[in-house]
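Trainee: Before the bench work is planned, may we go through this model together, one question at a time?

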Amino acid sequence: MSATAAQRFLQDAAVKSADLVHREIILHGLESYDAAVLRGRARFKDWEAARRRCQEIKWEAVNHLDRYLLQFEERVIAHGGHVFWAANGEEACNYIKNLASRQGVRTVVKSKSMVTEEIHLSPALEKAGIKVWETDLGEFIVQLRNEPPYHIVTPAMHLNRGQISELFREKLGEDIHGDDPTELVAAARRKLRRAFFAAEMGISGANFLVADSGLIALSTNEGNGRLCTSVPRIHVAVTGIEKVIPRLEDLAYLWPVLATSGTGQPITTYSTLIGGPRKPGEPDGPDEFHVVLLDNGRSKLLADAEQREVLHCIRCGACLNICPVFRHIGGHSYGTTYQGPIGSVLTPHLRGISDFQHLSYASSLCGACTSVCPVKIDLHHHLLHNRRNAARAGTTKLSERIMFRVWRYIILHPRIYALTGWLARRTLRLLYGLGLAGSIVDPMRVWNRRRSAVPLPSESFRTRWRKGLATN
Amino acid sequence: MLATNSERLEQIVQHRVSLFVPCFVDQLVPEVAVDTVKILRRVGYQVDFPEAQTCCGQPAFNTGYWDDARPCAEMFLRVFKHADVVVCPSGSCTTMVRSFYPELLSSSPLRADAIALGRRTFELSEFLVKLAGVTDVGATFPHTVTYHASCHGLRELQLRDQPLQLLRKVNGLTLIEMSRFDECCGFGGTFAAKFESISVAMGDSKAETVAATGAEFVTAIDSSCLLHLQGILGKRNAPARTIHLASILAQEKT
Ligand code: SF4
């Protein structure tokens with residue numbers, strides 16, 4: 001299994017990074033994102049101070065998770081809602097499936113939620129004979145394509161309008177001409193509107209769980225989130241335990257910072273607070289309100305003092321957008337629910353270090369992610385820590401372990417180091433003189449195969465120093 | 001991580017620096033270190049090269065083998081123990097010493113030494129601008145040049161302006177900014193070998209932004225990035241060539 005996930009990654013990444021059409025679409029999309037975010041940050045009087053404040057809020061929440069979660073639960077129950085604590089994805093799916101079958105649910109409408117992707121909720125419900133509609137436009141598109149989301153915030157980022165138009169013609173049987181976005185949205189809306197009114201259950205995620213008031217906070221842009229959480233009889237919010245924040249006023253920082261990092265907006269079009277089922281006299285809202293709090297490996301991460309701050313993540317997507325690796329290999333190559341730097345840090349924790357350690361190495365450690373993360377997670381250093389943990393756990397390749405042991409011996413002995421260097425350069429010069437650079441006999445072939453050969457000077461610096469450079 | 005004024009004064013009075021030459025510079029591009037020596041001497045410093053130095057340990061550290069990297073770090077600390085100021089023509093290896101040694105040696109008796117040495121270790125452009133206080137090193141390089149901001153220098157050491165300040169003072173040099181100058185070139189140490197195709201794709205993108213400037217040369221403060229980039233440019237038969245910042249600054253009027 002370990003070989004398979006890693007091998008699949010290597011293959012997919014190689015294919016995608018050579019796909020210039022893909023690169024063009026992604027770069028084009030990200031160019032406007034970059035510009036919007038720059039404008040967005042400039043709207044803050046002090047963006048760095050806002051980041052620090054958000055970091056503090058999340059730090060406080062994550063380091064007192066027990067207290068804030070219990071407070072949140074208590075308030076939700078007081079509002080007439082239900083709270084279910086799910087240790088893993090299976091428990092969460094079973095709870096929702098049982099609820100659905102008890103209530104005779106045939107149709108579910110979903111607003112965007114990465115946690116439901118993480119636990120594979122939709123396939124579980126479909127298997128139980130329930131029709132699931134993704135109602136976020138991007139999610140709707142990838143659902144039609146039978147694909148996982150490409151990106152945690154913009155699930156259909158990898159497609160251009162032409163491809164979407166074609167997809168709609170084929171899958172929705174709609175008579176669409178051209179790729180006018182208004183027409184495309186209208187087609188999706190016609191389809192989804194019927195689903196909204198048919199659905200007995202709406203499922204959403206949550207961007208934040210507000211402990212002091214027992215509310216869930218949703219940031220959306222299409223209005224589908226509001227419909228999902230108010231039209232159907234039952235609303236289920238599925239969310240990770242790390243989403244809790246202490247106070248309602250914390251949203252004054254988190255909402256704009258999330259929106260700015262995610263899309264460059266000052267605040268998302270819809271910012272919704274939901275506090276339980278409809279009360280007598282209220283005009284709308286569900287009859288039943290459930291919150292599923294998912295652990296699924298998060299408490300293990302909480303126990304790790306060094307990497308605990310990974311739980312600060314507010315899933316804004318900024319680290320993916322800036323990541324040069326993501327920009328070249330795209331979201332699907334990762335083979336994970338969470339892509340990009342945060343996915344590479346998180347996935348080994350959620351799904352096992354031996355199966356997903358390769359992602360921690362699939363980074364040049366350039367640190368661009370860390371420089372943009374709105375809650376200041378030290379992402380690239382966590383990748384480094386993951387690597388150290390993998391080496392420590394002995395899950396890395398034996399050949400590599402031996403290589404570094406030999407390397408260490410050489411480095412610790414300056415004479416041997418100088419001799420080895422001289423010998424290696426001499427041998428390689430001979431080899432390359434025969435035109436064998438990058439060939440099967442070239443020990444540097446992974447370097448030389450697709451790059452011109454490294455220079456091999458006849459003298460090292462230390463030799464030149466001895467030969468006369470030393471005299472000041 | 002700025003030196004205090006008194007430290008700075010002391011170093012300037014002594015005018016003596018120790019050179020830290022990264023292993024791949026020593027072995028593959030020695031002229032970069034030779035040029036570093038030239039510049040340092042030209043601006044009035046005596047240069048010492050402690051010959052027992054080899055490698056700072058970064059390759060093992062970045063690949064996760066901290067137990068193999070640690071003795072290398074310890075050796076490095078011994079070699080440079082008596083150095084007043086260490087200068088290195090690499091942002092990446094300076095980062096290793098200044099930012100990562102304290103963590104690597106967190107439970108070693110040498111941790112305090114590591115922190116102290118980190119404060120005395122400087123990347124070349126950082127040293128010239130911040131410590132020596134020079135931006136004009138008397139160089140002449142009548143060519144068009146574009147600058148790539150190497151990641152470690154930029155994001156670990158916050159070296160944003162120093163290299164550019166130096167380049168702007170070079171006689172005859174025309175600086176052309178490339179788009180996304182701060183996006184990684186795709187080198188990344190063992191990443192370049194483990195994930196060849198991703199690394200090469202990133203290098204290709206960089207090569208394209210270099211080509212778009214039309215500059216004759218692309219420069220940076222790290223030979224590692226430049227070796228990778230030269231490999232990519234070479235394979236594409238691109239006209240632009242790579243050159244280390246030190247090699248530009250070392251050029252004098254002929
Ligand atoms: S790690 Fe930071 S930048 Fe990345 S998605 Fe999470 S909050 Fe956003």
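Mentor: We begin with Gly352(A), which counts as partly exposed at 26% relative accessibility; buried means under 20% relative accessible area, exposed over 50%, and partly exposed in between, with a 1.4 Å probe and protein chains only. This is a predicted model, in which local features need pLDDT of at least 70, side-chain atom pairs count only at pLDDT 80 or more, and totals for chains, interfaces and linings use all residues. Residues are numbered from 1 along each chain as its sequence is written, chains are lettered from A and ligands numbered from 1 in the order in which they are written, and side-chain values use heavy atoms, with hydrogens and water left out.

Trainee: In which loop is the place of Gly352(A), and what separation do the C-alpha atoms of Gly352(A) and Val406(A) have?

Mentor: Helices (H or I, at least four residues) and strands (E, at least two) are DSSP runs, numbered from the N terminus. On that basis, Gly352(A) sits in the loop between helix H16 (340-351) and helix H17 (353-361) of chain A. Val406(A) is 54 residues apart from Gly352(A) along the chain, and their C-alpha atoms are separated by 29 Å.

Trainee: How many helices and strands are there in chain A, and what percentage of its residues count as buried?

Mentor: Chain A has 23 helices and 10 strands. Its C-alpha atoms fill a box of roughly 95 × 55 × 45 Å, taken along the principal axes. Of its 472 residues, the share that counts as buried is 55%.

Trainee: Among contacts in chain A between residues at least 6 apart in sequence, what percentage join residues at least 24 apart?

Mentor: Contact means heavy atoms within 4.5 Å. Among the chain A contacts between residues at least 6 apart in sequence, the part joining residues at least 24 apart is 72%.

Trainee: What angle do helix H6 and helix H7 of chain B form where they pack, and what is the handedness of their crossing?

Mentor: Axes are lines fitted to C-alpha atoms, for helices over the stretch in contact, and angles run from 0 to 180 degrees between N-to-C directions. H6 (residues 91-104) and H7 (residues 111-120) of chain B have axes 8 Å apart and pack at about 165°, which means that H6(B) is roughly antiparallel to H7(B); angles under 35 degrees count as roughly parallel, over 145 as roughly antiparallel, 65 to 115 as roughly perpendicular and the rest as oblique. A crossing is left-handed if the near helix is turned anticlockwise from the far one by less than a right angle, and right-handed if clockwise. For H6(B) and H7(B), the crossing is left-handed.

Trainee: Which residues make that contact, and how do they divide into nonpolar, polar and charged?

Mentor: H6(B) supplies Val97(B), Arg98(B), Tyr101(B) and Pro102(B), while H7(B) supplies Arg111(B), Ala114(B), Ile115(B), Leu117(B) and Gly118(B). Ala, Val, Leu, Ile, Met, Phe, Trp, Tyr, Cys and Pro count as nonpolar, Asp, Glu, Lys and Arg as charged, and the others, Gly among them, as polar. The contact of H6(B) with H7(B) therefore divides into six nonpolar, one polar and two charged.

Trainee: How many salt bridges does the structure hold over all chains, and how far apart are the closest N and O atoms of Arg298(A) and Glu118(A)?

Mentor: A salt bridge is a side-chain nitrogen of Lys or Arg within 4 Å of a carboxyl oxygen of Asp or Glu, and the structure holds 32 over all chains. Arg298(A) is buried, with a relative accessible area of 2%, and Glu118(A) is buried at 11%. Arg298(A) forms a salt bridge with Glu118(A), the closest N and O atoms being apart by 2.7 Å.

Trainee: Is Glu126(B), the salt-bridge partner of Lys130(B), buried or exposed?

Mentor: Lys130(B) and Glu126(B) lie four residues apart in helix H8 (residues 124-131) of chain B, about one turn of the helix, and their side chains meet at 3.6 Å, N to O. Lys130(B) counts as partly exposed at 27% relative accessibility. Glu126(B), with a relative accessible area of 1%, is buried.

Trainee: Where is Arg180(B) placed, and what value is its phi near?

Mentor: Arg180(B) is in the loop between S6 and H11 of chain B and is partly exposed, with a relative accessible area of 26%. Most residues other than glycine have a negative phi. Arg180(B) has a positive phi, near 45°.
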